[in-house]
Amino acid sequence: MSDETCPGVAPEEPAAFRRERSFRLASVSWAMPALIFLLIFLVLPLLANIARSLPLEDPFQHYARLLGDAYYLGIVRQTIKVPALTAVACLIIGYPVAYFMVRHAGRWNALIVFLLIAPLLTSTIMRTFGWTVLLGRRGLVNAWMSDFGMIDKAVNMVNTEWAVYLGLVHVLSPFMVLSVSSVLQGIDRRLEESAQILGAGRLRVFLTITLPLSLDGIATGCILVFVLASGSFLSMLLLGGGKVTTLSLLIYQQFTLTQDIGFAAAMGNVLLLLSLICMAIQLRFLRRRGV
Amino acid sequence: MMESVPLTLRGIAKRYGTAHALKPTSLDIEAGEMLALLGPSGCGKTTMLRIIAGFTAPDTGQVLIGNIDVTDLAPNRRGLGMVFQSYSLFPHMTVGENIAYGLKMRGINAAERAHKVRDMLDLVRLPGFEDRQVNHLSGGQQQRVALARSLVTDPKVLLLDEPLGALDRQLRENMQFELRAMQKRLGITTIIVTHDQEEALTVSDRIAVMQNGEIVQTGAPTEIYERPRNRFVSEFLGTVNIFDGDLVASHPDDCWSVRLALPGAPVVKVAGSQGLSVSKSVRVAVRPERLRLNGSNETFRACIRSSVFRGSYHAYELDIAGIGGPVYVHSNEPVEVGDDGMVGVAWPQGHAVMFGRDDGR
């Protein structure tokens with residue numbers, strides 16, 4: 001490879017062509033450290049993981065168990081349902097925030113962006129754990145509600161499905177806001193004004209112009225949230241109390257408790273496949289819209 | 001086709017903080033008239049257009065369309081058409097869907113929409129373009145589609161915000177004539193905002209020249225060009241030569257004798273304006289194409305600094321001893337220059353205007 005791309009080897013090539021070749025060589029060699037890093041720490045482990053999930057005596061036993069057993073199939077279904085609902089919730093909460101940021105916040109925009117990004121600098125464990133403090137039996141929310149006489153005895157709020165969604169939406173909604181707002185930012189206000197002049201009221205302008213033009217941001221945000229939610233297990237672990245089990249939580253359990261590493265590897269690959277499908281959908285979506 | 005309606009602005013004003021975007025301004029635009037708002041950027045012309053459109057609420061004053069007060073009406077209920085400089089075609093719709101948008105908002109059925117879209121595309125000479133994607137069109141074609149989209153709903157008033165600004169020169173000139181012809185044919189009351197004086201002169205019935213948030217002069221294109229009220233208007237409408245002078249005598253035909261501050265102190269006759277008295281200092285403005293070189297009755301002599309052939313005319317830059325800047329002369333014929341490089345310049349009778357020393361800057 002190295003002597004083939006060496007610029008001095010092909011003197012009969014025209015100068016312009018040679019310059020282009022050497023430029024390309026330069027760009028590849030600058031990328032080499034990163035490529036080597038990725039090879040050692042991403043590609044090889046993934047290949048090893050695939051190998052680990054296919055034991056020699058019965059190569060497909062783990063996959064058969066995962067996709068044949070009703071319990072595990074239910075978990076796979078849960079792994080699609082929980083991130084999907086989280087994405088929808090993030091969209092419903094995040095879109096208005098993004099719209100406000102871009103259209104009405106003006107000079108406060110920078111502050112809002114800061115407030116959105118600042119929590120991302122804190123560890124997810126800390127933020128998730130915060131909810132157990134707030135929602136716990138002796139937590140702040142219960143204390144307030146009983147102070148105001150809304151409840152007689154403490155309500156169990158941690159270790160429920162709701163708490164899991166709350167935690168996921170809290171952690172992931174900034175990604176939705178940022179995805180949507182970056183696309184909204186690019187929509188020319190004159191388009192909305194043109195629609196208005198042509199007779200559309202505010203709602204019609206939003207439904208026929210703003211919303212269709214921000215579909216890219218919505219899709220990007222949803223896929224981002226979906227992928228991140230499907231890979232996260234902290235919310236399920238700390239807030240779900242076993243009520244919500246997804247593949248990533250199961251992998252964690254298989255690794256740390258059962259130590260069935262082959263089965264965990266198989267689940268990891270299924271999860272990876274799910275993410276890859278999402279990425280493919282997103283790429284197709286973006287390409288179709290010619291962005 | 002619908003009836004043309006007049007547009008009236010009564011004392012509208014807009015401030016942003018302490019800055020006057022638009023000082024209290026009144027303006028009457030007749031039914032079927034095409035008025036150009038002409039001025040440099042930041043003069044308030046776009047603010048005025050946005051107030052008429054309803055995107056900006058005026059601090060004071062009223063907007064009347066066809067004698068109906070629309071000041072508090074939302075933009076979508078004013079029955080206007082508008083074309084932006086960037087055309088603002090909806091990128092997620094075809095040409096046909098773009099044009100049909102306004103009809104759809106009015107609840108007109110699909111068959112009639114298709115029919116009207118076809119008519120509009122014929123009008124703007126893009127027949128059969130219904131199913132094209134807007135981002136595959138050229139600038140000129142997008143411009144026509146934007147115009148079709150704004151006209152299809154039979155708007156009472158058409159607002160054009162620098163509509164030709166993004167086109168190249170050749171296309172722009174063609175479109176100016178086409179726009180003018182179309183506006184006359186439809187008889188629609190139209191306001192065009194532009195900073196291009198040639199465009200304003202070409203397309204409009206009347207021009208309102210704006211400066212620092214107010215209208216400084218309104219009038220027919222020839223009037224604005226030939227009889228500018230102050231220095232700003234005269235300079236904004238094209239190249240102009242400004243001479244200092246003093247009034248020496250008045251004549252019964254409303255003309256004045258002005259002694260120009262030039263070598264030999266020539267005295268010329270200039271049409272007067274109000275508020276003048278003998279011995280007052282004035283500025284006299286004259287267009288470069290009105291000055292004559294090497295004619296009879298030369299008023300002063302000047303040295304040719306440079307000459308440029310501009311295609312349809314020759315442009316000369318003259319130096320006159322004793323005055324600061326150069327004097328420009330446009331001549332259809334090339335000029336014979338003597339050995340000393342000097343030419344005689346003849347003053348045109350009736351083609352100069354004067355204003356006070358402090359008018360407009």
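In what order do the elements of chain A run from the N terminus on? Keep in mind while working through these exercises that this is a predicted model.

**Exercise 1. Work out the secondary-structure make-up of chain A, then its burial and contact range.**

Step 1: Read off the elements from the N terminus on, and you get α-α-α-α-α-α-α-α-α-α-α-α-α-α. Tallied up, that's 14 helices and zero strands for chain A.

Step 2: Look at burial. Chain A has 291 residues, and buried ones make up 38% of them.

Step 3: Check how far contacts reach along the chain. Take the contacts in chain A with a separation of 6 or more: 69% of them come from residues 24 or more positions apart.

**Exercise 2. Take the salt bridge between A:Glu161 and A:Lys81 and find what it links.**

Step 1: Start with the general idea: side chains of opposite charge can pair when their charged atoms come close.

Step 2: Get the distance. The closest N and O atoms of A:Glu161 and A:Lys81 are 3.7 Å apart, and the cut-off is 4 Å.

Step 3: Place the partners. This pair links distant parts of the chain, with A:Glu161 in helix H8 (residues 161-185) of chain A and A:Lys81 in helix H4 (residues 70-103) of chain A, 80 residues apart.

Step 4: Classify the exposure. A:Glu161 has 36% relative accessibility, so it counts as partly exposed. A:Lys81 is also put in the partly exposed class, at 38%.

**Exercise 3. Do the analysis for two salt bridges in chain B, then put them in the wider count.**

Step 1: B:Glu214 and B:Lys23 form a salt bridge with an N to O distance of 3.6 Å. B:Glu214 sits in strand E10 (residues 214-219) of chain B and B:Lys23 in strand E2 (residues 19-29) of chain B, so the bridge ties together parts 191 residues apart in sequence. B:Glu214 is partly exposed at 33% relative accessibility, and B:Lys23 is partly exposed at 27%.

Step 2: B:Lys184 and B:Asp205 come to 3.2 Å, N to O, in their salt bridge. Here B:Lys184 belongs to helix H5 (residues 169-186) of chain B, while B:Asp205 is in the loop between helix H6 (197-203) and strand E9 (206-211) of chain B, so parts 21 residues apart in sequence get tied together. B:Lys184 has a relative accessible area of 41%, which makes it partly exposed; B:Asp205 is partly exposed too, at 24%.

Step 3: Look for shared partners. Over in chain A, salt bridges join A:Arg103, A:Arg189 and A:Glu192 into one network.

Step 4: Count up. Over all chains there are 20 salt bridges.

**Exercise 4. Lay out the five-stranded open sheet of chain B and explain which strands stand at its edges.**

Step 1: Write down the order, E15-E19-E16-E17-E18, with antiparallel pairing.

Step 2: Find the ends. Strands E15 (292-293) and E18 (327-331) of chain B each have a single partner strand, so each has one side left without a neighbour in the sheet.

Step 3: Zoom in on one pairing. E15(B) and strand E19 (residues 342-346) of chain B run antiparallel and are joined by two bridges. In one of the residue pairs, B:Arg292 has B:Ala346 in E19(B) as its bridge partner.

**Exercise 5. Identify the residues that touch the most other members of the largest nonpolar core, and follow one of them.**

Step 1: The core has 46 residues, and A:Ile209, B:Phe90 and B:Tyr101 touch the most other members. The biggest contribution comes from H8(A), with eleven residues.

Step 2: Follow B:Phe90. Beyond four places in sequence, its contacts include A:Leu191, A:Leu198 and A:Ile209 from chain A, and B:Tyr101 and B:Val134 from chain B.

Step 3: Look for another core. A second, separate one has 45 residues, among them B:Met34, B:Ile99, B:Ala100 and B:Leu179.

**Exercise 6. Find the largest cavity's volume and lining.**

Step 1: Count the cavities of 30 Å³ or more: there are three.

Step 2: The largest has a volume of about 50 Å³.

Step 3: Its lining includes B:Tyr225, B:Glu226, B:Ala285, B:Val286 and B:His351. Helix H7 (221-226) and strand E14 (281-286) of chain B are the elements giving two or more residues to that lining.

Definitions and conventions. Residues are numbered from 1 along each chain as its sequence is written. Chains are lettered from A and ligands numbered from 1 in the order in which they are written. This is a predicted model: local features need pLDDT of at least 70, side-chain atom pairs count only at pLDDT 80 or more; totals for chains, interfaces and linings use all residues. Side-chain values use heavy atoms; hydrogens and water are left out. A salt bridge is a side-chain nitrogen of Lys or Arg within 4 Å of a carboxyl oxygen of Asp or Glu. Helices (H or I, at least four residues) and strands (E, at least two) are DSSP runs, numbered from the N terminus. Buried means under 20% relative accessible area, exposed over 50%, partly exposed in between (1.4 Å probe, protein chains only). Two strands pair if DSSP finds at least two bridges between them. A nonpolar core is a set of buried Ala, Val, Leu, Ile, Met, Phe, Trp, Tyr and Cys residues joined through side-chain atoms within 4.5 Å. Contact means heavy atoms within 4.5 Å. On a 1 Å grid over the protein atoms alone, a cavity is a set of points where a 1.4 Å probe fits but cannot get out, and a pocket is an open set with protein on both sides within 12 Å along at least five of seven lines; lining residues have an atom within 4 Å of a point. Grid points are joined across faces, edges and corners, and a volume is the space filled by probe spheres set on the points.
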